[in-house]
Amino acid sequence: MMRLRLSFICAAALASLTLAGCSGSANLIPNTSSGNSSEKGGGQPIPSFTQFTDLPMPSNSSLDMDRSIIFGASDAWHGRLVLSAGGTPAQMYDFYEREMPNFGWSKVTVVRADVSVMVYDRENRVATIKLMGGSFAGSTVDVTVSPKG
């Protein structure tokens, strides 16, 4: 049993490294914006949320690329998005509660607390949104989307 678990973990790690190393891996991370207004100093493009057309994104948020991992594209992606948002956790809760139905998501359950958790489903996928206070101000929004079942 332990050997099987170790083999599975090794296979998953190898698959992740292989996918991350592919030169055509544009679907593993969000698309980047083009144009002068969307570049950081040094010509580095800023990640945009244009790839995530099935989820509402707060206008005052930025993607934490180090903590996010995305597989797939368009409305068939799954993975984890971690956002730093300028609004308070209460404002982010209200935002997602108001906007998720506009994107076709149905509420399954919610827990509103210091760390709020919201669960929605849509077709064959489930979205879990965890809202926490940020380190200094604002909030951290952790969105995990996975296949149902």
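Q: In this predicted model, what makes strand 3 and strand 7 a pair, and in which sense do they run?
A: Pairing takes at least two bridges between two strands. Strand 3 (residues 78-85) and strand 7 have seven bridges, so they pass that bar, and the sense is antiparallel. One spot to look at: serine 84 sits opposite threonine 140 of strand 7.

Q: What about strand 6 and strand 7, how do you know that they pair?
A: Same kind of check: the cut-off is at least two bridges, and strand 6 (residues 125-133) shares nine with strand 7, again antiparallel. Arginine 125, for instance, has proline 147 in strand 7 as its bridge partner. Five residues lie between the strands of this hairpin, and glycine 138 takes a positive phi near 70° there.

Q: Why is serine 139 called buried?
A: Buried means under 20% relative accessible area. Serine 139, in strand 7 (residues 139-147), comes in at 3%, so buried it is.

Q: What makes the link between serine 139 and glycine 87 a polar contact?
A: The limit is 3.5 Å between N or O atoms, and the serine 139 side chain gets to the backbone oxygen of glycine 87 at 2.6 Å. Among the other residues serine 139 touches are Leu83, Thr88 and Met132.

Q: Why does tyrosine 96 count as buried?
A: Tyrosine 96 belongs to helix 2 (residues 89-99). Its relative accessible area is 1%, and the threshold is under 20%, so tyrosine 96 is buried.

Q: How far apart are tyrosine 96 and isoleucine 129, in sequence and in space?
A: They're 33 residues apart in sequence and 8.6 Å apart C-alpha to C-alpha. Tyrosine 96 is in contact with Ile129, and its other contacts include Leu83 and Val141.

Key:
Residues are numbered from 1 along each chain as its sequence is written. This is a predicted model: local features need pLDDT of at least 70, side-chain atom pairs count only at pLDDT 80 or more; totals for chains, interfaces and linings use all residues. Side-chain values use heavy atoms; hydrogens and water are left out. Helices (H or I, at least four residues) and strands (E, at least two) are DSSP runs, numbered from the N terminus. Buried means under 20% relative accessible area, exposed over 50%, partly exposed in between (1.4 Å probe, protein chains only). A polar contact is a pair of N or O atoms within 3.5 Å; within protein, one must be able to donate a hydrogen and the other to accept it, and residues adjacent in sequence count only if both atoms are side-chain atoms. Contact means heavy atoms within 4.5 Å. Lists of a residue's contacts leave out its neighbours within four places in sequence.
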